[in-house]
Structures are given as C-alpha cells and as structure tokens.
Amino acid sequence: KQWYQRRVRALPQHLQQAAAAKVLGLMCEDSTELATIAVEEGAVQSLIVVLSNVRHPPSQKHSARTLSHLVRMFTEVHDTLKECLGPDLLEEFLKAPEEIHKKLTPTQLDKLISTNTQVILPQNSSDDESMELLQQQTQAIEVQ
C-alpha cells in the first residue's frame, strides 16, 4: 500500500476537521456572503492544511470539495491554490477535487502543510455587518 493509504484510527480532531470542512462547504454553497466571510477570516489557509491530512482521507475530501467551490467563486482563492499546487495539479484538482489527495506527493504535502498564505478579498461591507450575518446563519443552523 502507498504511504498515504495506511489505515490509522480516526482521532476525534480528525472527525471534527472533516465535519468543519463539510459544514463550511455547505454554508459557502448556500451563501456567497458567508463564503466571502469565510475567506476573509482565513478559512482557505486552514482548508489547505486539512487537504494535507493524510491520516484522515474524509477530511481531505471534504476540504477539497469546499476548496473547489471557493476556487470557482473567487479568483484570489484560485490564484492561492495555483501557487500551492502548481498549474498542472490545480487543473487535475478542478476536474476531480475529491481524488486529489491520492495524487499529492510528499513534497506537495509538505508545501501544503507549511503554507501561510492569507487570501485578501476586496472589501465590500463592514466587519460588523459580516459578523452579524455569520451569527444569524450559525443560529439558523443550530435551530435546524
């Protein structure tokens, strides 16, 4: 078996990581405004690091799905991921995001883990309005 396919018992933080990536993806698909807030608050960097988590492929898949959505929404996220993965791997990522974790080399994984890139989006609204919207959406999810 390949080194990335070793079965390791999922730790609670791996399950939390997968759940967070999945919920973030669902929120971003539902609302462009929430996606903008997530990107501004540094979610892309965290998702890139999660993509490198070879110990828990479900985390990688959920992270890849969410990143794929954000890459299509924001040019800045596309450019950031292109810098991390390179143009060829980014193209493969866009074709099959949930399979990309199988194609990452140890060198690429190290680069993803050590990425310290902050995506900067043009400002459209105040931080107070953004945080208020995020709180409303979070409360709505808690009620459901």
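**Helix α2 and the nonpolar core**

Colleague: Which residues of α2 are buried?

Modeller: Happy to go through it; bear in mind that this is a predicted model. Helix α2 covers residues 32–40, and seven of its nine residues are buried. Those buried residues are L34, A35, T36, I37, A38, V39 and E40.

Colleague: Thanks! Which residue caps the N-terminal end of α2?

Modeller: Look at the backbone nitrogen of E33: a side-chain oxygen lies 3.3 Å from it. At the other end, α2 is followed by G42, which has a positive phi, near 95°. The residue capping the N-terminal end is S31.

Colleague: Now the largest nonpolar core: which helix gives the largest share of it?

Modeller: This core has 30 residues, and L70 and F93 touch the most other members. Helices α1 (12–30), α2, α3 (43–51), α4 (57–73), α5 (75–85), α6 (87–95) and α7 (106–113) each supply at least two of its residues. The largest share is five residues, and it comes from α3.

Colleague: And leaving aside neighbours within four places in sequence, what is L70 in contact with?

Modeller: Two of the partners, A35 and V39, are also among the buried residues of α2. Another partner is C28, which is itself buried, with a relative accessible area of 1%. The full set is C28, A35, V39, V44, L47 and V77.

Colleague: Speaking of cysteines, how many disulfides does the structure hold?

Modeller: C28 is buried at 1% relative accessible area, and C84 is buried too, at 6%. A disulfide would need a pair of cysteine sulfur atoms within 2.5 Å. The number of disulfides in this structure is zero.

Key:
Residues numbered from 1 in each chain as written. Predicted model: local features only at pLDDT ≥ 70, side-chain atom pairs only at ≥ 80, totals over all residues. Heavy atoms only, no water. Buried < 20%, exposed > 50% of the residue type's maximum accessible area, 1.4 Å probe, protein only. Helix = DSSP H or I, 4+ residues; strand = E, 2+ residues; numbered from the N terminus. Polar contact = N/O pair within 3.5 Å; in protein donor to acceptor, adjacent residues only side chain to side chain. Core = buried A, V, L, I, M, F, W, Y, C linked by side-chain atoms within 4.5 Å. Contact = heavy atoms within 4.5 Å.
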